[in-house]
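Here are my notes from going through the model you sent over. Have it open next to you as you read, and skip around as you like.

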Amino acid sequence: EQGAGNAAGDPQEWLDVLGNGLLKKKTLVPGQGADSRPQKGQDVTIRLKATLEDGTVVEEDPALTFTLGDCDVLQALDLCVQLLEMGETALIVSEAKYCYGAQGRSPDIPPNASLTLEVELLAARDAPDLELLSGKEKIQLANRKRERGNFFYQQADYVLAINSYDIALRILGSSSKVDFSPDEEAELLDVKVKCLNNLAASQLKLDHFKAALKSCNLVLEHQPGNIKALFRKGKVLAQQGEYREAIPILKAALKLEPSNKTIHAELSKLVKKHADQRNVETEMYRKMLGNPSAAGTPRKCKDKLPWSIPWKWLFGATAIALGGMALSVVIAARN
């Protein structure tokens with residue numbers, strides 16, 4: 001709190017946005033009231049100035065536009081801009097977790113760096129109708145979401161990466177009232193395939209095997225010879241222990257790109273695992289079935305039958321059994 005207070009004014013004026021002390025906001029210039037706050041899904045435009053703790057300016061943008069709530073920008077901005085009033089200028093102090101994290105941003109933002117963001121909300125408007133976007137506009141928008149997903153993937157934040165790829169695919173899959181040219185259709189398909197491949201990679205990182213397999217299959221429906229999709233499908237099946245199904249898929253990928261060392265290594269590893277699996281299964285079946293060579297040899301009976309049981313015990317047990325049967329018949333007849 002003291003550090004935040006030194007950044008600007010009285011510490012008591014700071015709002016602890018998440019309640020964990022890692023993200024704080026302070027109003028410098030009031031806005032037009034709470035009713036003017038932007039809503040998630042709207043396109044907002046802000047003036048941004050970002051500095052390190054030593055005062056070094058690492059980013060300035062007089063008119064940064066993004067879709068609020070889509071994780072298009074730093075989480076610190078996505079979380080705090082929705083609290084701004086139109087025309088408000090605020091100071092945001094954020095730990096690295098909600099900025100560039102442990103990776104940082106080379107060369108100007110070191111790993112685990114906190115940032116101070118000065119933000120002014122300039123405009124907020126509804127996002128464009130996807131049905132009315134031209135082919136070029138739809139491609140640009142989807143690519144922007146895909147590139148954001150790539151950023152999160154590089155940061156090892158696979159959940160947010162999946163979110164961005166899903167948004168891009170939703171844009172690409174939306175219906176349209178505009179006719180696209182053959183070239184635009186081809187480019188839209190290319191972006192879709194890239195998103196699905198990247199989505200599969202993220203899902204694989206989180207061990208979401210069923211979802212990753214679905215993403216790979218969607219790529220292969222459009223491009224049966226897509227090497228990335230074949231490779232990742234093979235990896236998914238291998239992770240599930242389906243070596244017999246995975247091996248021919250990786251062989252198909254290797255046939256398309258014989259010099260690919262990554263596929264070579266994965267295939268070699270998989271063939272060995274499959275051989276080990278078969279050896280284990282063979283040994284297990286051998287133990288279950290016993291030694292076949294001894295199957296025709298009759299076993300000697302080591303234990304003698306208990307003929308020494310007294311005859312009166314045998315007759316007593318028989319009598320009890322017959323008595324029980326008779327009683328059952330009587331009860332059945334009465335009923």
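**Notes on the model**

1. I started with the largest pocket, which holds about 590 Å³ of space. Strand 4, helix 3 and helix 4 are the elements that each give two or more residues to its lining. The biggest contributor is helix 3, with eight residues.

2. Who sits nearest the centre of that pocket? Of the 25 lining residues, it's Thr67, Asp72, Leu141, Arg144 and Lys145. As for chemistry, the lining splits into 11 nonpolar, four polar and 10 charged residues.

3. Before you set anything up, remember that this is a predicted model. Mean pLDDT for the protein is 85, with 80% of the residues at 70 or more. Residues 1-11 stay under 50, and the model gives them 13 contacts beyond four places in sequence. Residues 311-315 are also below 50, and that stretch has zero contacts beyond near neighbours in sequence.

4. Now the overall picture. The protein has 10 helices and six strands, and 38% of its 335 residues count as buried. Taking contacts between residues at least 6 apart in sequence, 63% join residues at least 24 apart.

5. Back to helix 3, residues 135-154. Its 20 residues should span 28 Å at 1.5 Å a residue, and the end C-alpha atoms are 28 Å apart, so the two agree. Its buried residues include Leu141, Ala142, Phe151 and Phe152, but also charged-type names such as Lys138, Lys145, Arg146 and Arg148. The buried set packs against strand 4 (57-67), helix 4 (158-173) and helix 5 (182-205). Just after the helix, Ala156 takes a positive phi of about 65 degrees.

6. Helix 4 passes the length check too: 16 residues at 1.5 Å each should span 22 Å, and its end C-alpha atoms are 22 Å apart. Among its buried residues are Tyr158, Leu160, Ile162, Tyr165, Ile167 and Leu172. What do the buried residues of helix 4 pack against? The partners are helix 2 (75-80), helix 3 and helix 5.

7. Cys216 is worth a click. It belongs to helix 6 (residues 209-222). Is Cys216 buried or exposed? Its relative accessibility is 1%, so Cys216 counts as buried, the cut-off being under 20%. Leaving out residues up to four places away in sequence, Cys216 touches Ala200, Ala229, Arg232 and Lys233. From Cys216 to Asn226 is 10 residues in sequence and 9.4 Å in space, C-alpha to C-alpha.

8. A few backbone details to look at. Cys71, in the loop between strand 4 and helix 2, has a positive phi of about 60 degrees although it is not a glycine. Cys71 has a relative accessible area of 13%, and therefore counts as buried. Asp207 is another non-glycine with a positive phi of about 60 degrees, and Asp207 lies in the loop between helix 5 and helix 6.

9. Last one: which peptide bond is cis, with omega near 5 degrees? That would be the bond from Ser106 to Pro107. Pro107 is placed in the loop between strand 5 (89-94) and strand 6 (115-126).

Terms used:
Residues numbered from 1 in each chain as written. Predicted model: local features only at pLDDT ≥ 70, side-chain atom pairs only at ≥ 80, totals over all residues. Heavy atoms only, no water. Helix = DSSP H or I, 4+ residues; strand = E, 2+ residues; numbered from the N terminus. Expected span 1.5 Å × (residues − 1). Buried < 20%, exposed > 50% of the residue type's maximum accessible area, 1.4 Å probe, protein only. Contact = heavy atoms within 4.5 Å. 1 Å grid on protein atoms, 1.4 Å probe; cavity = no way out; pocket = protein on both sides within 12 Å on 5 of 7 lines; lining within 4 Å. Points joined across faces, edges and corners; volume = space filled by probe spheres on them. pLDDT = per-residue confidence, 0-100.
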